[in-house]
Amino acid sequence: MIYKHFFWDFDGTLYDTYGRITRACVNALQDLGAAASFDRVFPVVKRSLDTCYRVFAEPKGISQAAFQDAYHLYSESEGPESIRPYPGARKMLQAVIEGGGKNYLYTHRGGTASRWLAYDGLTELFADMVTRQDGFPSKPAPDALNYLVQKHGLNKAECVMLGDRDIDLDAGKNAGMACALFDPGHFYDDYDTPWRFTDMETLQRTLAGK
């Protein structure tokens, strides 16, 4: 393997969740009187929920708290069929372990991340994880990654941060580790990174050597 320690983002990297997130935002905006279509909201949500608020809700005089409350009414209203790991994710995680490496999760999502990993039987494939509940500064701050590196005594030259957005990779860069972009939707074609993937099979074959 090129790297030994793989740090994974959750939404849009391990799990295909942005359709679900976008629908929750569309419903929230509808309730708040700031209706926008799925096609308009999706690329904005791909940047961040805060960006979605600033683009669609704030110009209507809606508070961020009101938007967040409305969003959370819908964010967990759908069943497990709409929050699935990307094809090949399990094999990729297993390949890391079979090659003598370890997987770590670093996500802004809260406790639902560990819940979905458990639901899909993926928890045992992770050596450790940091979620929003751990209270670290948000990406691109490197604090959470540095914490995991120090906690487990890792060599940063053997570490790679995998994510689907610029803030994921910027966090890795700020922590002094390598980065790989997983971008099947080609939202970040202009982002400067030596590693760029659109499917798990290619990512596995390239970085995990299996």
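**Around helix α8**

Student: What is included in the cover over the buried residues of α8?

Tutor: This is a predicted model, where local features need pLDDT of at least 70, side-chain atom pairs count only at pLDDT 80 or more, and totals for chains, interfaces and linings use all residues. Residues are numbered from 1 along each chain as its sequence is written, and side-chain values use heavy atoms, without hydrogens and water. Helices (H or I, at least four residues) and strands (E, at least two) are DSSP runs numbered from the N terminus. The cover over the buried residues of α8, judged by contact (heavy atoms within 4.5 Å), includes β4 (102–106), α7 (143–152), β6 (159–163) and β7 (178–182).

Student: Which residues of α8 are buried?

Tutor: Buried means under 20% relative accessible area, exposed over 50%, and partly exposed in between (1.4 Å probe, protein chains only). In α8, the residues that count as buried are I167, D168, L169, A171 and G172.

Student: Is D168 buried or exposed?

Tutor: D168 sits in α8, which spans residues 166–174. Its relative accessible area is 0%, so D168 is buried.

Student: Which side chain joins that of D168 in a polar contact of 2.8 Å?

Tutor: Setting aside neighbours within four places in sequence, D168 touches D9, K139, M161 and G163. A polar contact pairs N or O atoms within 3.5 Å; within protein, one must be able to donate a hydrogen and the other to accept it, and residues adjacent in sequence count only if both atoms are side-chain atoms. At 2.8 Å, the partner of the D168 side chain is that of K139.
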